[in-house]
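Subject: Handing over a structure

Dear colleague,

I am passing this structure on to you, and the notes that follow it set out what was found. Please read them with the structure open beside you.

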Amino acid sequence: MWQNGPVARVTRAESKERTRQRLLAEAQRLFRERGYAATSLEQIAEAAEVTKGAIYGHFASKEDLMLSALEAAPAPDYAATLNDRSRSLPERPAAFGRAAAAEQPDDTEEVAVYLAFFAALLRSPDALKRYGSSREGRLRALAHGDGAASDDLAEGVSPVDAWVIGQALLTGLQIEKRLTLGLVTPELFERAFGLLAHLYRE
């Protein structure tokens with residue numbers, strides 16, 4: 001019998017998973033602070049207190065590490081506002097625009113990381129295919145969980161169509177907000193998403 005009770009043993013699998021999660025966390029932090037291109041695997045390994053070789057026990061490449069970090073990140077709860085039944089269907093996109101504008105950070109680091117990573121993806125067909133499949137899966141899951149049934153949408157518009165259009169608009173506004181300071185206001189977010197009301201039946 002132990003005086004202070006049994007000591008919980010960490011299995012090899014648990015230790016490996018902890019290392020993997022530490023690598024993901026440090027990669028996310030360094031990519032944000034320094035940029036995707038300027039961050040090396042050596043820097044990530046040092047921050048996670050492992051060897052560079054240890055990274056390859058978990059990830060095939062820097063792109064694989066970034067993709068895994070993106071896939072592990074929780075998806076924003078976009079559906080909450082769009083499923084708010086206290087508002088009519090046509091009013092919900094504008095309400096979402098207001099909420100999205102309020103959630104936008106003032107700094108540009110996160111957007112810059114994504115743009116640099118997208119540029120790298122476009123030069124790597126395999127990585128692009130993997131990311132595209134993951135992104136499509138998330139959009140389909142959002143559409144599947146949307147409170148608006150297909151018959152709430154205008155003729156010829158599917159739930160997936162509505163989510164893809166909305167995501168493209170959000171991404172574009174996030175980028176434009178950083179490029180044209182002062183023009184992309186919360187009111188513009190609301191107005192832009194309000195234009196999507198025509199996707200729904202009156």
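Arg130 is partly exposed, with a relative accessible area of 30%, and in this model, which is predicted, the side chain of Arg130 takes part in a salt bridge with that of Asp64, at 2.5 Å from N to O. That pair joins distant parts of the chain, since Asp64 belongs to helix H4 and Arg130 to helix H8 (residues 125-144), 66 residues apart. Asp64, for its part, has a relative accessible area of 14%, and because the cut-off for a buried residue is under 20%, Asp64 is counted as buried.

Arg130 also meets Glu71 in a salt bridge, here at 3.0 Å from N to O. Glu71 lies in helix H4 and Arg130 in helix H8, so this pair ties together parts of the chain that are 59 residues apart in sequence. Glu71, with a relative accessibility of 32%, counts as partly exposed.

Helix H4, which covers residues 62-72, deserves a closer look. Eight of its eleven residues are buried, so helix H4 is largely enclosed by the rest of the structure. The buried residues are Lys62, Asp64, Leu65, Met66, Leu67, Ser68, Ala69 and Leu70, and the elements that they pack against are H1, helix H2 (41-48), H7 and H8. One of these residues, Ser68, is buried with a relative accessible area of 6%. If neighbours within four places in sequence are left aside, Ser68 is in contact with Arg20, Leu24, Phe59 and Arg130, so that Arg130, already described as a salt-bridge partner of Asp64, appears here again as a contact of Ser68.

Which residues of H1 and H4 meet each other? On the side of H1 they are Arg20, Leu23, Leu24, Ala27, Gln28 and Phe31, and on the side of H4 they are Lys62, Leu65, Met66, Ser68, Ala69 and Ala72. By class, the residues of this contact divide into eight nonpolar, two polar and two charged. Helix H1 (residues 12-34) and helix H4 pack at an angle of about 95 degrees, with their axes 10 Å apart. Angles of 65 to 115 degrees count as roughly perpendicular, and H1 and H4 are therefore roughly perpendicular to each other.

A second pair of helices, H7 (residues 109-121) and H8, can be described in a similar way, with axes that come within 8 Å and cross at roughly 125 degrees. H7 and H8 are therefore oblique to each other. Phe117, Phe118 and Leu121 in H7 meet Pro125, Ala127, Leu128, Tyr131 and Arg135 in H8, and the contact of H7 with H8 has seven nonpolar residues, one charged residue and no polar ones.

Further along the chain, helix H6 (residues 92-103) has twelve residues, which at 1.5 Å a residue should span 16 Å, and the 17 Å between its end C-alpha atoms agrees with that expectation. The buried residues of H6 are Arg92, Pro93, Ala94, Ala95, Phe96, Gly97, Ala100 and Ala101. Arg98, by contrast, counts as partly exposed at 37% relative accessibility, and Arg98 forms a salt bridge with Glu190, the closest N and O atoms being 2.7 Å apart. Arg98 lies in helix H6 and Glu190 in helix H10 (residues 186-194), so the pair ties together parts that are 92 residues apart in sequence. Glu190 is likewise counted as partly exposed, with a relative accessibility of 28%.

The salt bridges described above belong to a count that comes to seven, and there is also a network of salt bridges that links Glu26, Arg29 and Glu33.

As for the protein as a whole, there are ten helices and zero strands, and the elements accordingly run α-α-α-α-α-α-α-α-α-α from the N terminus on. Of the 202 residues in the protein, 36% are buried. Among contacts with a separation of 6 or more, 67% are accounted for by residues 24 or more positions apart.

With best wishes

How values were computed: Residues are numbered from 1 along each chain as its sequence is written. This is a predicted model: local features need pLDDT of at least 70, side-chain atom pairs count only at pLDDT 80 or more; totals for chains, interfaces and linings use all residues. Side-chain values use heavy atoms; hydrogens and water are left out. Axes are lines fitted to C-alpha atoms, for helices over the stretch in contact, and angles run from 0 to 180 degrees between N-to-C directions. Helices (H or I, at least four residues) and strands (E, at least two) are DSSP runs, numbered from the N terminus. Angles under 35 degrees count as roughly parallel, over 145 as roughly antiparallel, 65 to 115 as roughly perpendicular and the rest as oblique. Contact means heavy atoms within 4.5 Å. Ala, Val, Leu, Ile, Met, Phe, Trp, Tyr, Cys and Pro count as nonpolar, Asp, Glu, Lys and Arg as charged, and the others, Gly among them, as polar. The expected span of a helix is 1.5 Å times one less than its number of residues. Buried means under 20% relative accessible area, exposed over 50%, partly exposed in between (1.4 Å probe, protein chains only). A salt bridge is a side-chain nitrogen of Lys or Arg within 4 Å of a carboxyl oxygen of Asp or Glu.
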